[in-house]
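Biologist: I would like a close look at a single part of this structure, and then an account of how that part connects with what surrounds it. Please take your time over the answer.

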Amino acid sequence: MIYRPDYYDEFVCIADRCKNTCCARWEIDVDAVSMERFREHPDIMEHISDGCITLKEDGNCPFLNEKGLCKMILKYGEDMLCDVCTDHPRYISEVDEDEFIGVGISCEAACDLILNRKEQFKLIPPLQMPLIDRVFEAESVTELLNGLSPDESSSKEHAELLLTFEILEPEWKKMLHNLESSPVSEEDRDSYIDSLSMQFRNLIGYFLYRHDNDFYLAAVSARIIAELTIANNMTLEDVARMYSAEIEYSDINCDLL
Ligand code: SF4
């Protein structure tokens, strides 16, 4: 069976209105079928090497124009895109015989859609999600987190640990150093989480859904995101988006966590 959250069908890329385009920084592997299509177009092939789209020196995709739109789509239509570009930010998590699809919060539009929901998401077709129900029904998010997955490390230790991980963005490293030098107390972090209770319920529900009910991963991720948000005086959405790009999209980092 294939399941999807009800918000999945609402996702729309905001393209030129996106302040954190995914058409930059990420390596774009071209699948074999798309490569066959690309071979007929020298203007595309000149930007391909070793099976990947070669990013420009500024880190942008060579097909991203100055208005934030994709030149490949503008010239050839969406069907010309390779699988990575067509699918992003969609993901599939496989559990036994089932597939759970969704959109990842490394994408600005998906992050906004998921974090700022006013009610618990449901699955299509319907499926019981007892652990996720507990997150949305709990009187206090932090009491539930601390009950099911007690806090094992200080915010300074979280920063130190993540600084040993693979790091994609210099900005992320700076944020971790800020947390390391200005640690956030457990009390301040928990009171911040409870003050944005619905956003954190949405965030934890997203991690649980995407990572096969891994409560430890969801709890430690929510805590680190809260600590980084406070230490860097940033918005929750911006930190969650960067955390997803740095940790969730790196299998090595997810395993290290
Ligand atoms: S990050 Fe999301 S909203 Fe922004 S360009 Fe990529 S898919 Fe579109």
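Modeller: Asp-96 sits in the loop between β5 and β6, and in this predicted model that loop is a good place to start. The two strands form a hairpin with 2 residues between them, and Asp-96, although it is not a glycine, has a positive phi of about 55°. Asp-96 counts as exposed, because 6 other C-beta atoms lie within 10 Å and the cut-off for an exposed residue is 12 or fewer.

The strands on either side of that turn are β5, residues 90–95, and β6, residues 98–103. They run antiparallel and are joined by 6 bridges, and within this ladder Ile-92 has Ile-101 of β6 as its bridge partner. In general, strands of a sheet pair through backbone hydrogen bonds, either parallel or antiparallel. Of the 6 residues of β5, the number buried is 0, so the strand lies largely in the open.

The hairpin belongs to an open sheet of 4 strands in the order β5-β6-β1-β7, whose pairing is mixed. Its edge strands are β5 and β7, each of which pairs on one side only. The parallel part of the pairing includes β1 and β6, which are linked over 2 bridges, with Ile-2 standing opposite Glu-99 in β6. In this way β6 is paired antiparallel with β5 and in the parallel sense with β1.

If one moves back along the chain from β5, one comes to the loop between α4 (83–87) and β5, where Pro-89 is found. The peptide bond from His-88 to Pro-89 is cis, with omega near 5°. Both residues are also among those around the ligand, a list that further includes Cys-13, Ile-14, Ala-15, Cys-18, Asn-20, Thr-21 and Cys-22, together with Cys-107, Glu-108 and Ala-109. By residue type this shell divides into 8 nonpolar, 3 polar and 1 charged. Ala-15, another member of the shell, lies in the loop between β1 (2–5) and β2 and has a positive phi near 45°, again in a residue other than glycine. Ala-15 counts as partly exposed, because it has 14 C-beta neighbours inside 10 Å, whereas burial would require 20 or more.

On the other side of the hairpin, two members of the ligand shell, Glu-108 and Ala-109, are also buried residues of helix α5. This helix, residues 108–115, is mostly covered, with 6 of its 8 residues buried; besides Glu-108 and Ala-109, those buried are Ala-110, Cys-111, Ile-114 and Leu-115. What covers the buried residues of α5 includes β6, along with α11 (197–210) and α13 (236–248). The strand that forms one arm of the hairpin therefore also takes part in covering this helix, since β6 is among the elements in contact with its buried residues.

At the far edge of the 4-stranded sheet is β7, and Pro-125 is found in the loop between β7 (123–124) and α6 (130–137). Here too the peptide bond is cis: it joins Ile-124 and Pro-125, and omega is about -10°.

A second open sheet has 3 strands in the order β2-β4-β3, and its pairing is antiparallel. Its edge strands are β2 (28–29) and β3 (48–49), each pairing on one side only. Between β3 and β4 (residues 52–53) there are 2 bridges, and Ser-49 has Cys-52 of β4 as its bridge partner.

For the setting as a whole, the protein chain has 14 helices and 7 strands and is divided into domain 1 (23–87) and domain 2 (129–256), with C-alpha centres 33 Å apart. Along its principal axes the C-alpha trace spans about 60 × 45 × 30 Å. The radius of gyration is 19 Å, which agrees with the value near 18 Å for a compact globule of 257 residues. Buried residues make up 34% of the 257 residues, and of the contacts between residues at least 6 apart in sequence, 69% join residues at least 24 apart.

Definitions and conventions. Residues numbered from 1 in each chain as written. Predicted model: local features only at pLDDT ≥ 70, side-chain atom pairs only at ≥ 80, totals over all residues. Pairing = 2+ DSSP bridges. Near = placed C-beta within 6 Å. Nonpolar A, V, L, I, M, F, W, Y, C, P; charged D, E, K, R; others polar. Rg over C-alpha atoms; globule rule 2.2 N^0.38 Å. Contact = placed C-beta atoms within 7 Å. Domains from an automatic or database assignment.
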